[in-house]
Amino acid sequence: MSKITHLSPEWQSWILENLGRGCTPQSVVEVMVEKNFDPMFASAIVFHFVSSGNSGAGGLPGPAIPGAQSAQQRAIQSGYVYETPRFPQAGSVIRTGDRDVRVVVRMEKPVVAVLDGLLSQEECDELIRLSANKLKRSTIVDPQTGREEVIDDRTSLGTFFSLRENEFIARLDERVSQLMHWPVENGEGLQILNYRVGGEYKPHYDYFPEQDPGSHVHLKSGGQRVSTLVMYLNDVDEGGETIFPEMGLSVSPKKGSAVYFEYCNSQGQVDPLTLHGGAPVIKGEKWIATKWMRQRIFG
């Protein structure tokens with residue numbers, strides 16, 4: 001049975017009613033998925049209601065969600081200045097040199113896009129195959145020292161590929177660079193992560209806060225991170241969503257799809273609305289590939 005990718009007036013009313021009475025966006029998405037909605041479509045439409053606060057699908061008027069504060073209001077409070085996004089602002093398809101990528105949903109404040117068909121099924125399988133035998137416990141950057149540390153809040157295994165490490169990786173680096181509209185040379189090496197049952201990464205920022213002494217170690221090499229692309233390499237049986245708590249957005253893993261977000265402007269300001277995390281894997285396992293872009297040439 002094909003998944004539902006359209007919204008009836010009855011479902012629109014149901015979503016607004018349940019958000020209005022205090023149900024979490026994630027719980028609303030879960031019910032919709034149980035009722036055969038496409039997970040990416042369900043997440044996108046619920047996110048639309050939460051972020052707009054007073055409009056429905058396709059711009060249809062709808063009741064405001066009591067107490068909801070729009071992303072734009074939160075952005076003003078943060079002081080972050082939104083500029084013209086690096087990611088294309090129009091069109092349902094992004095054409096790279098070797099592949100067309102479908103845009104499922106995009107927003108500007110903060111800059112986020114959910115994408116489908118970025119990687120082929122075979123490319124996903126090959127990344128997993130090349131990574132499986134060299135996984136190590138993932139680390140984070142200690143905010144005080146800048147050293148790589150293992151912590152309980154990040155329970156994944158991971159490995160890296162150097163930039164253009166081989167012909168296969170070079171092709172992906174080029175495609176990702178075109179999609180992110182940023183030079184290949186400014187990208188960190190592709191990171192592969194594997195989460196087993198219970199594996200998660202609690203909400204965090206990908207940028208390096210300048211007020212943290214440890215950040216200065218990493219800012220010396222290519223400057224600040226400016227954008228992230230998380231690519232899903234397999235379908236997760238249950239759990240493992242990429243969550244954005246400040247926006248009420250949850251992106252379900254789908255093999256070959258991705259979520260993009262950017263968070264550093266030309267003034268070097270960073271966007272706190274891009275707080276995000278990886279929800280625990282409940283059943284099965286989760287494989288992702290991540291690309292981070294820097295202000296300048298990395299290395």
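**Sheet, crossing helices and a pocket**

In this predicted model, helix H6 (residues 167–180) lies across E1, E2, strand E3 (111–116), E10, strand E14 (258–262) and E17. The helix runs at about 120° to E10. Helix H5 (residues 121–131) also crosses strands. It lies across strand E7 (157–160), strand E8 (191–195), strand E10 (225–232) and strand E17 (286–294). Its angle to E17 is about 90°. Both E10 and E17 are thus named for H5 and for H6.

These strands belong to an open sheet of nine strands. The order is E1-E2-E3-E14-E10-E17-E8-E7-E4, and the pairing is antiparallel. Strand E1 (93–95) and strand E4 (136–137) stand at the edges. Each has a single partner strand, so one side of each is left without a neighbour in the sheet. Strands of a sheet pair through backbone hydrogen bonds, in either a parallel or an antiparallel manner. At the E1 edge, the partner is strand E2 (residues 100–108), which runs antiparallel to E1 and is joined to it by three bridges. In one pairing, valine 93 has arginine 102 of E2 as its bridge partner.

Backbone geometry stands out at three sites. The peptide bond from lysine 109 to proline 110 is cis, with omega near -5°. Proline 110 sits in the loop between E2 and E3. Asparagine 36 has a positive phi, near 80°, in a residue other than glycine. This asparagine 36 is placed in the loop between H2 and H3. Its relative accessibility is 15%, under the 20% limit, so asparagine 36 counts as buried. Histidine 181 is not a glycine either, yet has a positive phi of about 55°. Histidine 181 lies in the loop between H6 and E8. At 42% relative accessibility, histidine 181 falls between the 20% and 50% limits and therefore counts as partly exposed.

The second largest pocket holds about 450 Å³ of space. Its lining comprises 21 residues. Val33, Glu238, Gly239, Glu241 and Ser252 lie nearest the centre of this pocket. Helix H2 (25–34), helix H3 (39–52) and strand E11 (238–239) each supply at least two lining residues. H2 gives the largest share, five residues. By class, the lining has nine nonpolar, nine charged and three polar residues.

Methods: Residues numbered from 1 in each chain as written. Predicted model: local features only at pLDDT ≥ 70, side-chain atom pairs only at ≥ 80, totals over all residues. Heavy atoms only, no water. Pairing = 2+ DSSP bridges. Helix = DSSP H or I, 4+ residues; strand = E, 2+ residues; numbered from the N terminus. Contact = heavy atoms within 4.5 Å. Axes fitted to C-alpha atoms, helices over the stretch in contact; angles between N-to-C directions. 1 Å grid on protein atoms, 1.4 Å probe; cavity = no way out; pocket = protein on both sides within 12 Å on 5 of 7 lines; lining within 4 Å. Points joined across faces, edges and corners; volume = space filled by probe spheres on them. Nonpolar A, V, L, I, M, F, W, Y, C, P; charged D, E, K, R; others polar. Buried < 20%, exposed > 50% of the residue type's maximum accessible area, 1.4 Å probe, protein only.
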